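Open the model in your viewer and keep the selection panel at hand. Each stop below says what to pick and what is there.

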Amino acid sequence: HAGYKVIKKIGEGTFSEVLKTQSLKDGKFYACKTMKQTINSLEQANNLREVQAMKRLSPHANILQLHELILDKESGTVSLICELMEMNIYELIQGDPGRRTPLPDHTVKNYMYQLCKSLEHMHSCGIFHRDVKPENILIKQNCLKLGDFGSCRSIYSKPPHTEYISTRWYRAPECLLTDGYYSFKMDMWSAGCVFFEIMSLNPLFPGANEVDQASKIHDVLGTPDPSVLRKFKQ
């Protein structure tokens, strides 16, 4: 990566891998997210939904900052150089498995406030995230930032939204029970699931598959009101 030295691998997903890197220019550490898809031009890289979302949402105290976009023309790989955080909420919750002490209430309140601020900002900018989950929420000391905008969509895009969406445990009922007729409100459902998980250190609805997911939600919330069910039928 031009101008950056790789320190270690932080994580890997379906579409990208994340490395801890050090800038040769200023000596600072950054997270480098390298996409697995091939990109041919800087214009194409700038048109990636994730890049456009990060640019539109920045700067905001609770949104991960994009520092630089790098395209390696030879290999066709594009890398997003972002600010480096300490860990994600999933890692925080897992913590030291032997200990697993609940977080103090004021910490939970502080984190949830910041998560809500990030979603409020995002939605007011006309974007919804669609994959709010502990792994995509990053922290550094007392500061929380939402990251991974690879699944985001415009609030104004017309449903049905087709492609694969959000991790099952954090999926809202309208995502499970309709063919893509959901809206930005699904982010609030996911945030509620995260809230429970930060409080209890256990996932709220850990469904084994889609049917089990709907069943676990139903066990807690019961059958929706007939007016809601009519909406689902439409």
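Select Lys33. This is a predicted model, and in it Lys33 has a relative accessibility of 12%. The cut-off for buried is under 20%, so Lys33 counts as buried. The residue belongs to strand β3, residues 29-35. An unreviewed UniProt entry carries the annotation "binding site" for Lys33.

Now show what surrounds this lysine. Setting aside residues up to four places away in sequence, Lys33 touches Ser16, Glu17, Val18, Glu50, Val78, Ser79, Leu80 and Asp148. Which side chain makes a polar contact of 2.7 Å with Lys33? Pick Glu50: its side chain and that of Lys33 are the two joined.

Next, Ser23. Look in strand β2, residues 16-23. Ser23 is buried, because its relative accessibility is 5%. Beyond its neighbours within four places in sequence, Ser23 is in contact with Gly3, Tyr4, Lys28 and Tyr30.

**The strands around β5**

Select residues 77-83, strand β5. Six of its seven residues are buried, so the rest of the structure largely encloses this strand. Add β3: the two strands run antiparallel and are joined by five bridges. To find the register, pick Thr34, which stands opposite Ser79 in β5.

Then add β4, residues 66-72. How many bridges join β4 to β5? There are six, and this pair is antiparallel. Here Glu68 faces Ile81 of β5 as its opposite residue. β4 and β5 make a hairpin, with four residues between them. Stop at Gly76 in that turn: its phi is positive, about 70°.

**Helix α4**

Move to residues 105-124, helix α4. Measure between the C-alpha atoms at its two ends. They are 28 Å apart in the model. At 1.5 Å a residue, 20 residues should span 28 Å, so the distance agrees with expectation.

Color the helix by accessibility. Its buried residues include Thr107, Val108, Tyr111, Met112, Leu115, Leu119 and Met122. Polar ones are worth a click too: Gln114, Ser118, His121 and His123 are among the buried residues of α4. What do the buried residues of α4 pack against? Select α2 (49-57), α3 (89-94), β7 (127-128), β8 (137-140), β9 (143-146) and α6 (185-200). After the helix comes Gly126, with a positive phi near 85°.

**Two domains**

Color residues 4-83 as domain 1 and 87-230 as domain 2. Their C-alpha centres lie 24 Å apart. To see where they meet, look for 13 residues of domain 1 in contact with 19 residues of domain 2.

**Backbone stops**

Go to the loop between α2 and β4, where Pro59 is found. The peptide bond from Ser58 to Pro59 is cis, and its omega is near -10°.

Next is Gln141, in the loop between β8 and β9. Its phi is positive, about 55°, although Gln141 is not a glycine. Is Gln141 buried or exposed? The residue counts as exposed, because its relative accessibility is 59%.

Finish at Leu201, in the loop between α6 and α7 (210-221). This is another residue other than glycine with a positive phi, here near 70°. Leu201 has a relative accessible area of 8%, so this leucine is buried.

Technical notes: Residues numbered from 1 in each chain as written. Predicted model: local features only at pLDDT ≥ 70, side-chain atom pairs only at ≥ 80, totals over all residues. Heavy atoms only, no water. UniProt positions renumbered as here; feature names shortened; annotations may be inferred. Buried < 20%, exposed > 50% of the residue type's maximum accessible area, 1.4 Å probe, protein only. Contact = heavy atoms within 4.5 Å. Polar contact = N/O pair within 3.5 Å; in protein donor to acceptor, adjacent residues only side chain to side chain. Pairing = 2+ DSSP bridges. Expected span 1.5 Å × (residues − 1). Domains from an automatic or database assignment.
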